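Colleague: Can you walk me through this one? I will ask as I go.

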Amino acid sequence: MTAPVQAPVSLPLTGRPATREEKLTALALWVLAFAALWSTEAAVGFTRDESVYFAAAEGYSQWFRLLLHSPAQAFTDSAIVRAWDYNHEHPVLMKTLFGLSHLLFHDTLGLMRDATAYRLPAFAMAALVPALCFLLGSALYGRTAGWFAALSFLLVPRQYFNAELACFDLPVAAMWLLVVYCFWRALESTRWGIACGVAFGLAIATKHNALFMPFVLSPFALWRAWQVSEGVPEARVRAVRFVGLYAAVAVLYGLLVVFLGGPAAFQKKFLLLSPHTLFFVGLAVGSGVLLRDLKHVSLPVTRALVPLAAMAVLGPVLFYLHWPYLWHAPVDRTAWYLAFHATHNHYAWFYLGTLMRGPPFPLTYVLVKTALTVPTSLFAPMVTGFVALVGRALLSLSARTREWVRMPTASEALVGVNAVTSILIISHPQVPHFGGVKHWFPSMTFLGILAGAAVARGCFAVWEVLKARRPSVSPLAVTVPVFALLLVPALLGSVRVFPYGTAAYSELAGGLPGAATLGMQRQFWSSHVTGVLPWINEHAKPGARIYLHEVNGFSFRDYQRNGMLRPDVRPVNSPFDADIVAYQYHQEFREHEFLTWQAFGTRTPVTGLYLDETPQVIVYQRPE
Amino acid sequence: MPSPKALRALPLVELGALLLVALWCLVFQLRLPGRLPTDADERAVADVLARDARPGDAVLLFPWWTERARLFVPPSVPVYGWLESDGADLGAHPRIWVLGQPELPRSDVGAFDAAFLPGRKALNPEARMGPLSLRLYENGRYRPRHWVASEAVSAARVYLEQPDGSRRDCPFDGKVHRCPGPPHLYVAPEWHEILYEPRHCLWMHAPGGAQRLVAEFANVPSGMGLRLEGGIIFEFAHPKDPRLSTSYLGVDDAATGERLLNVPIPPGREGVQKAEVVLPPGPPRTVKVWVQADNAESRQVCLDVMALEPAVGVRP
């Protein structure tokens, strides 16, 4: 933190290379975040999804063994389906990394426990977020903003918790940020444009959220191309041709759907040698030809458009290549995957005293949930950072007020739009609302940057005032106490709730007790059961039958594999078959606790996990 | 136009506001541990209850979710706390101990009092054990019970009854009255959830079609209220699927066939449904408690019927 306070930097929509110092800082942040996640992960339980991904990763890694020993067999569809069919509702980039990491660090080298080996790639991906937040924040708003964005991200308890998991929500947030960063840097270098396409391919191979990215980034690319082609008619003509190519291909695909008789027929006739493939190849080749032609006329216009072509071409190609399950039946299996998420079922979710079971969901849900879960000392600068950006944009629209403010740059608009995109998507009343806040993590990285901007301009203003009186005053004299006051409450809250991240609530909610009184979801995903496993290990009789409510069979097995649950105890699926029941307090599952009363003939638990008084996991033991 | 000075001051104002918020957050985080009870506080409450609670007393939690107390309260004293329990009558209990945590964030004592106090009178001053508060109330909503179906079920005669009056018996095996047919066709007192509320009630799953599942009880007292309380349990009450059918819960006079109580529960109606009739004075009756639903799918009924006096009210 050598120059933590700088005047906010004003830039148009152009990238800027990171300085050597910024690169080193980003690297240090990555290492720090990775080390923090690794050193604390052992306490974090296995969420329902995570154990499924462990199992999937293990199966996928078996395919790589087969690939080594019998490559010809490995490439057959039957071998691929046998290994890759499991959990094919998600692409496999992360699960493959989990599996290979497990294969190397646990199975081969024996360096670490089972779960840690699976989780390492997730830490590596999550650790990218602070590093990239710093790079982008620093470039747009100065180092102070970059530092604040980087440090604050993992001090949001739910974000830290998710960063510990071998899941996809933090990785896709990291990938989203990486794509935007590459896109932004692409405006200074064609290579970054290609990188943007590669990053986008990896992003959609991480989780389906990233499929929305082209809709967010294309307007910026086109606007940039239009802007820099002004006064260069040859370039503008070529840029229009480029857009025309994409529009024509879109129209052709639309006509194909119509002429073939609808989406089902379109899908059925999408073969290797078909108009469908021809259009895509035409798009790829046409893009290359047009951009090559454009490059001779205007490099800036070319740079503006390269990311679009790279995303359009490299995205689908990488998506196809990364997922062996698609290799023999790309169209049908991709269509199934997309349909699965387009028609995802709804889970019960407790929100402000109401158990939501299906749409329409409240329009304000995402905003309220964010306000009640992000530490308030971090949420407040996000709000002022975003409001200030929007305010400046609005004031810039009128000639009367334009002089009052500095018009937001296109780069700032890029950050602002990405800050709200995921939030707006999930806010749609028909979109499934479950999983806490994880589905809009991609927005949180950008909100963190805007929070950094808000803090940075305040620090700068204070420093200017102080400097006028004492010119020798160090910027650190301002930033250190300001950072401390803003970050310490979040750190205290994080430490307090760790490792039970899905129970975290902010000061605005009144912490966990306040949220319980407000009628918010107490917890979810079953991982808090770790809070009662030591009691079960100590008190269960040999071979006891244990009903870990909400904990799936994979997780039960993983707790035993990782030495967190005694190997002699056996899982059962009902309180009536159990000697010990660990009930997970969910509003929608109250019946399960009352069935335990019925089965055991008692309403008195023997122990439980109570966080700040809120019941999370309640344990009953069958009376002897 | 705002002055340049004012514009320059905006970031200072913004940061000042952010720091005030952060300061408040810091105070909140530092104060929170002190607002939570220790095990010693809970044991002190348990000691009072073990010493002073009478048979028939109950504990009501405030806020409703502070269930850690269950670990400590003597098992002989039932503990109540569910969403909306603040306003519950708890009509089986003449006295209620309110175990509160008024210092917890967002604990709204005023809202609790507004729901709880009507018909109740404090019998002693509030005791404090750390952040826990304990106070005993006379429950004016108490209704003395002279007969409860779920407590008399072992003596009931249970059968499946066709519209033409023909019956198939559901013999009592010492625990449940088990009917011919699928395994869920039986009658027994069980714990179930009806819209988050724990109910110890008679499991009486509708058999489907026109036939009724009937539990026939003799010696039901007259000259007081006969009350039916029941509902569809768990998540089965919520769906409004048109394939589901209305469940009918009722009580008939066995001798005359008179319909004494009738509660229809259409798909989507959640919560405990209640109906009451005042029986004229006379000799004890035999009543038929029954359920029926054309389509038995997801019609998991739990109910109870009781003969009650009016609420006792509070003594001045």
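**Chain B, the interface and one helix**

Colleague: Starting with chain B, how many helices and strands are there?
Modeller: The model is predicted. Chain B has three helices and 19 strands.

Colleague: Is chain B a compact globule or more spread out?
Modeller: More spread out, because its radius of gyration is 26 Å, well over the 20 Å that the globule rule gives for 316 residues. The C-alpha trace of chain B spans about 90 × 55 × 35 Å along its principal axes.

Colleague: And what share of chain B is buried?
Modeller: Of the 316 residues in chain B, 40% are buried.

Colleague: What about contacts in chain B between residues 24 or more positions apart?
Modeller: Those account for 71% of the chain B contacts with a separation of 6 or more.

Colleague: Switching to the interface, how many residues of each chain are in contact?
Modeller: There, 49 residues of chain A are in contact with 43 residues of chain B.

Colleague: Which elements of chain A supply at least two residues each to that side?
Modeller: Among them are the helices α19 (376-397), α21 (441-469) and α22 (476-497), along with the strands β6 (607-611) and β7 (614-621).

Colleague: How do the residues on that side of chain A divide into nonpolar, polar and charged?
Modeller: On the side of chain A that touches chain B, 24 are nonpolar, 16 polar and nine charged.

Colleague: Last topic, α15 of chain A. How many residues does it have, and what does it reach?
Modeller: Helix α15 of chain A, residues 299-322, has 24 residues and reaches 32 Å from first C-alpha to last, close to the expected 34 Å.

Colleague: Where is the kink in α15(A)?
Modeller: At L305(A), shortly before the proline P307(A), and the kink is about 30°.

Notes:
Residues numbered from 1 in each chain as written. Chains lettered and ligands numbered in written order. Predicted model: local features only at pLDDT ≥ 70, side-chain atom pairs only at ≥ 80, totals over all residues. Contact = placed C-beta atoms within 7 Å. Helix = DSSP H or I, 4+ residues; strand = E, 2+ residues; numbered from the N terminus. Nonpolar A, V, L, I, M, F, W, Y, C, P; charged D, E, K, R; others polar. Expected span 1.5 Å × (residues − 1). Bend = angle between axes of the 7 residues up to and from the residue. Rg over C-alpha atoms; globule rule 2.2 N^0.38 Å. Buried ≥ 20, exposed ≤ 12 C-beta atoms within 10 Å, placed from the backbone.
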